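This report describes how two helices of one chain meet, and then turns to the chain contact, the record annotations and the confidence of the model.

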Amino acid sequence: MSKTFLGKMSAAAIAITATATILAGCTNNSAGTSASGSNDKPVSGGTLIFARGGDAGNIVPTEAGGNDSIFVVEQMFDTLLTPSKDGTKLEPSLATDYKQSDDQLSWTFNLRKDVKFSDGTNMTAKDVVFSIKTASDPDLPFGFVNEGIKNVEAVDDYTVKIITKSPWAPLPSDVALFSNAIVPANYGGKSLKEFEKNPVGTGPFMFKEWKKGQSLSLVKNPHYWKANRPYLDGVTFTTVGEDNTRLMQVRGGQAHVDEGPSFTTLDSVKKDSSVNVLTFGSSQTDYLIMSNKSKPFKDQHVRAAVGHSVDKESIIKAVLNGNGTPANSFLAPTIWGYDKNQKVREYDLDKAKEELKKSAYPNGFDTTIEVVAGDSGQQTTAQIVQESLKKIGINAKIVTKDDSAAGNDRVNGTYDMAFTLSTTDISDPDELVKFVAVESGGANAMRTFFPDEKITKWASEAAAATDNDKRLDLYSKIQTEFNEQQPLVPLYYSPNIYITSKKLHDFAVNEETGAYLLTDAWIEK
Amino acid sequence: MFQRFILPTLKRLVTLIPVALGVCLLTFLLLHVAPGDPVRLALGDKASAEAIATRRHEWGLDKPLWVQFLDFVVGIFHGDLGDSITLNEPTATAIAQRLPPTLLLMAGGTLIGIVLALPLAILSTKKIGGFFDEFMRVFVALLQGIPSFVLGTFVIILFGLQLKWMPVGGYGTTLMDHLVSIVLPSITIGIGLIPVLFRGFRQAILDSLESDSVAFGKAKGLPDGLLKRDYVIRPAAVDTVNLIGLQLGSLVGGVVIVENVFAIPGMGNLMMSAILSRDFPLVQGVVIVFAALVTVIYLLTDICYTALDPRGSMS
């Protein structure tokens, strides 16, 4: 009896495995042929299922903090200007054109006259005045962006004047930031709390339903000002924390987009003909930061020694599976002002030893590298760096902390070495330069707490200068000085990678800010 | 009746209060000892110190720890679990949404576990030490070594991606969606339960086979079928109810992982994201509900056990 039962079981098991293999072969083949079909004419309809690792926190422009929130805000709200897809320039959006006054102290924007909010009311200058004034409160997460703005006035129904405290070159980029997106004046008579529950904007999609931590649904805005757009009936952002599950949902046809797949799975995914692996440029730059509050790293020679000990090529191979390029500046190549001729300390352990000899720690010292738990990229990078540092006499212990705890250590500078990264939200380097290189610039020079008077001075000069060549020159000098001082080691530039269903067409993200561009996206029937 | 069931149940419910308070205090302390800042996580790296301070005050995180704890405990007695800081809605609302999938998953997983383990145990005990029995011993030991996230991934690849019988994750929107979505995760949990249930069932059957009553029944000349039903399976069932109850309690841990692998928006999933984002009120709320759930399951188990076994009363 037991024998026959076992016999049946194993027969069943073999049958299942065999069927699975055959079916796998079939699906791959059929998908392969349909993918090369001629369906390249956009069709309307369908809801895009967008699987992401985290949910939005707050979807009102002025309150949004992280990218999970920002990228949703940008579907429902528009700004006066918007960064072009490749991030090189600004394009008109709610404003048709703009001009700086001769005294360089004010900017005048002409608005489109055919724009309606998703509730059907007209968008006029008073909405713009309210929105930008509201966004300028320094208590808001991105309030600092508007620090150059003195006042905002409505000249007439469709003209707005923004007055700056001093000549302020980044202003057009500032108003292109999501936090300055246009909401109805006085939130259409609602309180902020009520508005948060049912936000109204001029973007291609409008709010439908939000099950916090699970899914956020938007539907097509019937009043959208771009004719015949969007093609999609709606977008649903689902929160799926596990990398693997997101990927399998796209492969299984349950989602159209997997945001943030792990680089190590890409090779196997590329063999699956039912999905696309899309690669977009990005402004993301990863850093190895050194805290100026940790004694050895106050010594420039120590920092230089670390600079010579980082094998970027090996890191890119191990962490990004080769999908990246070594960084030669803290700015990414997609950012205006990036200087491609910058030189960084090359990987050379002999030079590293020489630098260390010149320092106050010629025989090395004990230190730590802090990594975020569950981040295999940081773990691997730390091991590679640890290995090299050991050869020059620096004993670095790898300390693992969870995301939140590690974040605290960075904010307080209570670490020795750690990893972090930056992306930019606007098309002007001003925000990022102050953030990464200026100690008083809001993020304590990328949490290195490294003070550099020259950089601080050049950064404010660059923000006020109106001549582009002069600005470029200043940003170049800042990058050179920063590389010389080396408060951090810029590691690599990595692309934005999305895995999408073959049925989804014309999906893209902005190469500088990472914003999803869904207005032209469509789903094959 | 009163002596056997009601009085012990009441006593047990009263002991729930100190247990709940203890759980609250422990969770509260652990959360606050662990470094990390919900405000920084919510506002992002670029927020200014002023923005951080404003939000901290808004969320009541600037109050002394003991005040925060007291607020929370007083709230519970008013039936108020507080507001989740990341979800921006009452903790109770979030939990009410997330509890059904978890209960469904626990029930489905246990059911599948029993359906798979019981026949195997009965077959295994047909010939103790026989080939099948030995095979199962090894198989069960191997199975126990497979973590549930590996098992879950395997189940997804086989049934979701290759055979395409089932969705690979998520929970859907309609009741039918929910039931279909719950199948694969339930199978994962069910398979994970096999080792413990199989061993428990097998031992229970062995025990009753060796009992005096079976010897007595045999001596009385009872037919084999009747003997098995009344003298072996039924007494064994009493022990297994207890076993299943205890398993349900420890299942809570497994559910957290399986929900994350299958993207089921249940309590485990909620707890994971709440911990990672340091959403203190939400973590406390979820932990309390989990603690209450486990206590109630144990209580129900004891009631069933007592009802099935005519000898004892609940202790």
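In this predicted model, helices α11(B) and α12(B) are roughly perpendicular to each other, because an angle of 65 to 115 degrees counts as such and theirs is about 85°. The axes of the two helices, which span residues 224-262 and residues 267-276 of chain B respectively, are 7 Å apart. On the α11(B) side the contact is made by Val255(B), Val256(B), Glu259(B) and Asn260(B), and these meet Gly268(B), Asn269(B), Met271(B) and Met272(B) of α12(B). By residue class, this contact comprises four nonpolar residues, three polar ones and one charged one.

The same two helices also appear in the contact between the chains, where 49 residues of chain B touch 44 residues of chain A. Elements of chain B that contribute two or more residues to this side are α2, α3, α5, α6, α7, α11 and α12, and α7(B) gives the most, with six residues. The chain B side of the contact is made up of 26 nonpolar, 14 polar and nine charged residues.

Several annotations come from UniProt, in each case from an unreviewed entry. For chain B, the record gives "domain: ABC transmembrane type-1" over residues 99-301, and it marks "transmembrane region" at several spans, among them residues 103-123 and 243-262. For chain A, the record lists "domain: Solute-binding protein family" over residues 89-435. The table sets out the computed helix and strand content of these spans, together with the separation of their end C-alpha atoms.

| Span | Helix | Strand | End C-alpha separation |
|---|---|---|---|
| Residues 99-301 of chain B | 84% | 0% | 20 Å |
| Residues 103-123 of chain B | 100% | 0% | 30 Å |
| Residues 243-262 of chain B | 100% | 0% | 27 Å |
| Residues 89-435 of chain A | 28% | 24% | 21 Å |

The annotated domain of chain B is thus 84% helix with 0% strand, whereas the annotated domain of chain A has 28% helix and 24% strand.

As for confidence, chain B averages a pLDDT of 83, and 97% of its residues score at least 70. Among the elements of chain B, α6(B) has the highest mean pLDDT, at 91, and α2(B) the lowest, at 76; both of these helices contribute to the side that touches chain A. For the model as a whole, the scores are ipTM 0.74 and pTM 0.80. Where pLDDT is low, predicted coordinates should not be read in detail.

Notes: Residues are numbered from 1 along each chain as its sequence is written. Chains are lettered from A and ligands numbered from 1 in the order in which they are written. This is a predicted model: local features need pLDDT of at least 70, side-chain atom pairs count only at pLDDT 80 or more; totals for chains, interfaces and linings use all residues. Axes are lines fitted to C-alpha atoms, for helices over the stretch in contact, and angles run from 0 to 180 degrees between N-to-C directions. Helices (H or I, at least four residues) and strands (E, at least two) are DSSP runs, numbered from the N terminus. Angles under 35 degrees count as roughly parallel, over 145 as roughly antiparallel, 65 to 115 as roughly perpendicular and the rest as oblique. Two residues are in contact if their C-beta atoms, placed from the backbone, lie within 7 Å. Ala, Val, Leu, Ile, Met, Phe, Trp, Tyr, Cys and Pro count as nonpolar, Asp, Glu, Lys and Arg as charged, and the others, Gly among them, as polar. UniProt positions are given in the numbering used here, feature names are shortened, and annotations may be inferred rather than shown by experiment. pLDDT is the predictor's confidence in each residue, from 0 to 100.
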